[in-house]
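The following exercises concern the geometry of a helix pair and the overall form of a chain. Each task is followed by a worked solution.

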Amino acid sequence: EVHFETRMDALIIEHDTVKGIETNTGKCFFGPVILATGHSARDVYRWLCDNGIEIESKGLAVGVRLEHPSQLINQIQYHSKNGCGKYLPAAEYSFVQQVDDRGVYSFCMCPGGFVVPAASGPRQTVVNGMSPSNRGSKWSNSGMVVELHPEDLKEKSVVEFMGVSGREPDVCHPLAMMYLQEALEEQNWQQGNNRQTAPAQRMADFVNGRLSYDLPESSYAPGLVSSPLHFWMPKFITARLADGFRRFGKMSHGFLTNEAVMIGVESRTSAPVRILRDGKTLQHVRLKGLFPCGEGAGYAGGIVSAGIDGERCAEAAVAFLGS
């Protein structure tokens, strides 16, 4: 059965065993629970934390969406002034570097695509990317992100950023990385004039620490606002991004250019928490009958890996029911 407009509000727990769920409609459902939320189900994370259910903060990656004219990417990747021509598909790219012991890399590259708004709540601006099946737009974009570990919350520029944002969580708090996400997204919203217009900066201007006095045409439909991303984002992120861009520009001549625009922020690369589970039974480490599953539980990194984890959890639930 599929129940539309029905939200899980609480787990029903008796003697460290999950018996079912309570919902916003007042109806309860009974049986073991496969908890397969998305990575932005912050209401679920808060409920788990508030009710003492074991979760932990986990690493993620944070950065921007970088958008180039697709013809430029085609010319660079195909080494041809004609780009992809009539018969070749829109070109893709993949970059990865280690900068000061943290990965800087392209993520979810969308050739011939669009940058789209992806906020899930008020007072936040988040961006993501997509490509239509024909890869036919005149832009190509990719997430450009920096790897972050929970211990990086102690880094000076991150601490200062969190303080300015009015959020100073304990680094050991299980929701600490989620609080960093929220702080970045709210500051991004403010930089975008408190609307879904997104703060943006030309790529070479960002690397050189300059404000962009104008911005190129973009696929981002709500519109862009010039903003010094290099100034207000934590230096832990921006310094590594700038170094990574310089290296990518050397690897791929023409990639580092003011024809490209950086759009803030890309912060939903993965879940900011992990719901702890046993490696063999796939049940929660303490609660029987609860199967944390997929990307939202911190055990997958995308569509395919989440699907595989879903199969494993379904088989584990069947085994639990038959025991």
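**Exercise 1.** Determine how the axes of helix H1 and helix H4 are related in this predicted model.

*Solution.* The axes of H1 (residues 42–50) and H4 (residues 176–191) come within 12 Å, crossing at roughly 140°. Angles over 145 degrees would count as roughly antiparallel, and 65 to 115 as roughly perpendicular. The crossing angle therefore makes H1 oblique to H4. As to handedness, the crossing in which H1 passes H4 is left-handed.

**Exercise 2.** Identify the residues that make the contact between H1 and H4, and sort them by class.

*Solution.* On the H1 side, the contact is made by Arg42, Tyr45 and Arg46. H4 contributes Met178, Tyr179, Gln181, Glu182 and Glu185. Sorted by class, the contact comprises three nonpolar residues, one polar residue and four charged residues.

**Exercise 3.** Assess whether the radius of gyration of the protein chain agrees or disagrees with that of a compact globule.

*Solution.* For 323 residues, a compact globule would have a radius of gyration near 20 Å. The protein chain has 21 Å, which agrees with that value. Along the principal axes, the C-alpha trace spans about 65 × 50 × 35 Å.

**Exercise 4.** Describe the secondary structure, burial and contact range of the protein chain.

*Solution.* First, the protein chain contains eight helices and 16 strands. Next, buried residues account for 50% of its 323 residues. Finally, of the contacts between residues at least 6 apart in sequence, 68% join residues at least 24 apart.

Note on methods:
Residues are numbered from 1 along each chain as its sequence is written. This is a predicted model: local features need pLDDT of at least 70, side-chain atom pairs count only at pLDDT 80 or more; totals for chains, interfaces and linings use all residues. Side-chain values use heavy atoms; hydrogens and water are left out. Axes are lines fitted to C-alpha atoms, for helices over the stretch in contact, and angles run from 0 to 180 degrees between N-to-C directions. Helices (H or I, at least four residues) and strands (E, at least two) are DSSP runs, numbered from the N terminus. Angles under 35 degrees count as roughly parallel, over 145 as roughly antiparallel, 65 to 115 as roughly perpendicular and the rest as oblique. A crossing is left-handed if the near helix is turned anticlockwise from the far one by less than a right angle, and right-handed if clockwise. Contact means heavy atoms within 4.5 Å. Ala, Val, Leu, Ile, Met, Phe, Trp, Tyr, Cys and Pro count as nonpolar, Asp, Glu, Lys and Arg as charged, and the others, Gly among them, as polar. The radius of gyration is taken over C-alpha atoms; the globule rule is 2.2 Å times the number of residues to the power 0.38. Buried means under 20% relative accessible area, exposed over 50%, partly exposed in between (1.4 Å probe, protein chains only).
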